[in-house]
Amino acid sequence: MKEFFISSDGIRLHAKLDRPDESVKGPLCILVHGFTGHMEEDHIVAMQQAMNECGISVLRVEMYGHGLSDGEFRDHTLYKWVTNMISVIHYVKTLDFVTDLYLCGHSQGGLLTMLIGGMFPDDFKAILTISPAWMIPELARNGTLLGLSFDPLHIPDVLQSWDRELSGDYCRVAQTIHVEDEIERYKGKVFIIHGDADDTVPYAYAEKALALYHDATLVPIHGDDHCFTKHLPEMKDALKSFFLDEANKEN
Ligand code: FER
């Protein structure tokens, strides 16, 4: 494992690179956590391990205001995360051991993955969106982010919930984002995993993404929650079957 920082417009993004075999070239997957998340969460580490077990190198990165990256949580926005991920993609393109590139994100990281897919439609062999929180822009436009209730035309300076403070700027930015446009722009392969008992991000959003994407597969994890605390090995197996399938198609 190599631990380092990737620079993004003057911000240091904390990164860890796990390569199953340093002597060969191969595919790499960028892996990103969700809102309030970080790279050492059980479900993120489980995803990294599943991919490594399939011969995929994994670059875990922490976005603005999360984990050991620079920036305060309360100041993060989806635009900052988009800017960060663009920097990560440019960094990865300098790595000469990388053949195919994948992008995988959990929850708000899954939303980011969907946006970036639309912005870089030629760069990924597939994108993977796990428990994708792509209802966030809709909640922002409705004034119901974080389970709060506020006037979406007069956004408060601070959104206080989930034991944390979040700048109203987060909501101003989220209101401008239209995920359907980026879904439409991305014609490549999409792999979705979602627990069907998720009470943070409704499972219906996975089904809606499945229907809207050009080439998507959805694997439900029955009875599981937002972070797969009940059936983590099943989630890992779903990821592994996707990547083993990818490898078989090459041969
Ligand atoms: C919300 C519901 C879910 C929200 C964020 C999330 C900012 C994201 C969850 C995650 O990334 O795990 O209302 O508001």
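## Thr 129 and its surroundings

Leaving aside its neighbours within four places in sequence, which residues is Thr 129 in contact with? In this predicted model, the list is Gly 105, Gly 110, Leu 111, Met 114, Val 190, Phe 191, Ile 192 and Ile 193. To find Thr 129 for yourself, look in strand β6, which covers residues 126–130.

Thr 129 counts as buried, at 0% relative accessibility. Its side chain also has a polar partner: a polar atom there lies 3.1 Å from the backbone oxygen of Gly 110.

## The nonpolar cores

Let us turn to the inside of the protein. In soluble globular proteins, nonpolar side chains tend to be buried together. Here the largest nonpolar core has 63 residues. Leu 28, Ile 30, Leu 59, Val 61, Met 85 and Val 88 are the ones with the most contacts inside this core. Helix α2, made of residues 78–92, gives the most to the core, with seven residues. Another core lies apart from it and has 24 residues, among them Ala 50, Cys 104, Ile 193 and Leu 239.

Val 61 is a good residue to click on. Not counting residues up to four places away in sequence, Val 61 touches Ile 6, His 14, Ala 15, Ile 30, Leu 31, Val 32, His 33, Met 39, Met 85 and Val 88.

## Two cysteines without a bond

How many disulfides does a search of the whole structure find? The count is zero. Cys 29 is in no disulfide, and the nearest cysteine sulfur to it belongs to Cys 104, 5.0 Å away.

Why is there no bond between Cys 104 and Cys 29? The sulfur of Cys 104 is 5.0 Å from the one in Cys 29, its closest cysteine sulfur, and that is too far for a bond; a disulfide needs the two sulfur atoms within 2.5 Å. Cys 29 is buried, with a relative accessible area of 0%. Cys 104 also counts as buried, at 0% relative accessibility.

## Around the ligand

Now find the ligand. The residues that surround it are Gly 34, Phe 35, Ser 107, Gln 108, Met 135, Ile 136, Leu 139, Leu 145, Leu 146, Trp 162, Tyr 170 and His 226.

Some of these residues have polar atoms beside ligand oxygen. For Ser 107, a polar side-chain atom lies 2.8 Å from an oxygen atom of the ligand. For Gln 108, a backbone N or O atom lies 2.9 Å from an oxygen atom of the ligand. For His 226, an N or O atom in the side chain is 2.9 Å from an oxygen atom of the ligand. On its own the ligand has 370 Å² of accessible area, and the protein covers 95% of this.

## Leu 146, Ser 161 and Asp 9

Leu 146, one of the residues around the ligand, sits in the loop between α4 (136–142) and β7. Leu 146 is buried, with a relative accessible area of 12%. The backbone oxygen of Leu 146 lies 3.2 Å from a polar atom of the side chain of Ser 161. Ser 161 itself lies in strand β7, residues 158–161, and counts as buried at 16% relative accessibility. Setting aside neighbours within four places in sequence, Ser 161 is in contact with Leu 146 and Leu 148.

Most residues other than glycine have a negative phi. Leu 146 is not a glycine, yet it has a positive phi of about 55°. Asp 9 is not a glycine either, and has a positive phi of about 50°. Is Asp 9 buried or exposed? Asp 9 counts as exposed, because its relative accessibility is 68% and the cut-off for exposed is over 50%. You can spot Asp 9 in the loop between β1 (2–8) and β2 (11–18).

## Two more places to visit

Phe 73 lies in the loop between β4 (57–61) and α2. Although it is in a loop, Phe 73 is buried, with a relative accessible area of 11%. Not counting residues up to four places away in sequence, Phe 73 touches Phe 35, Thr 36, Gly 65, His 66, Arg 164, Glu 165 and Leu 166. One of these, Phe 35, also helps to surround the ligand.

Asn 248 is found in helix α8, residues 232–250. Asn 248 is exposed, with a relative accessible area of 54%. Asn 248 and Gly 117 are 131 residues apart in sequence, and their C-alpha atoms are 24 Å apart in space.

Definitions and conventions
Residues are numbered from 1 along each chain as its sequence is written. This is a predicted model: local features need pLDDT of at least 70, side-chain atom pairs count only at pLDDT 80 or more; totals for chains, interfaces and linings use all residues. Side-chain values use heavy atoms; hydrogens and water are left out. A nonpolar core is a set of buried Ala, Val, Leu, Ile, Met, Phe, Trp, Tyr and Cys residues joined through side-chain atoms within 4.5 Å. Buried means under 20% relative accessible area, exposed over 50%, partly exposed in between (1.4 Å probe, protein chains only). Helices (H or I, at least four residues) and strands (E, at least two) are DSSP runs, numbered from the N terminus. Contact means heavy atoms within 4.5 Å. A residue is near a molecule or strand if one of its heavy atoms lies within 4 Å of it. A polar contact is a pair of N or O atoms within 3.5 Å; within protein, one must be able to donate a hydrogen and the other to accept it, and residues adjacent in sequence count only if both atoms are side-chain atoms. Accessible areas come from the Shrake-Rupley method with a 1.4 Å probe; for residues, only the protein chains shown count as cover.
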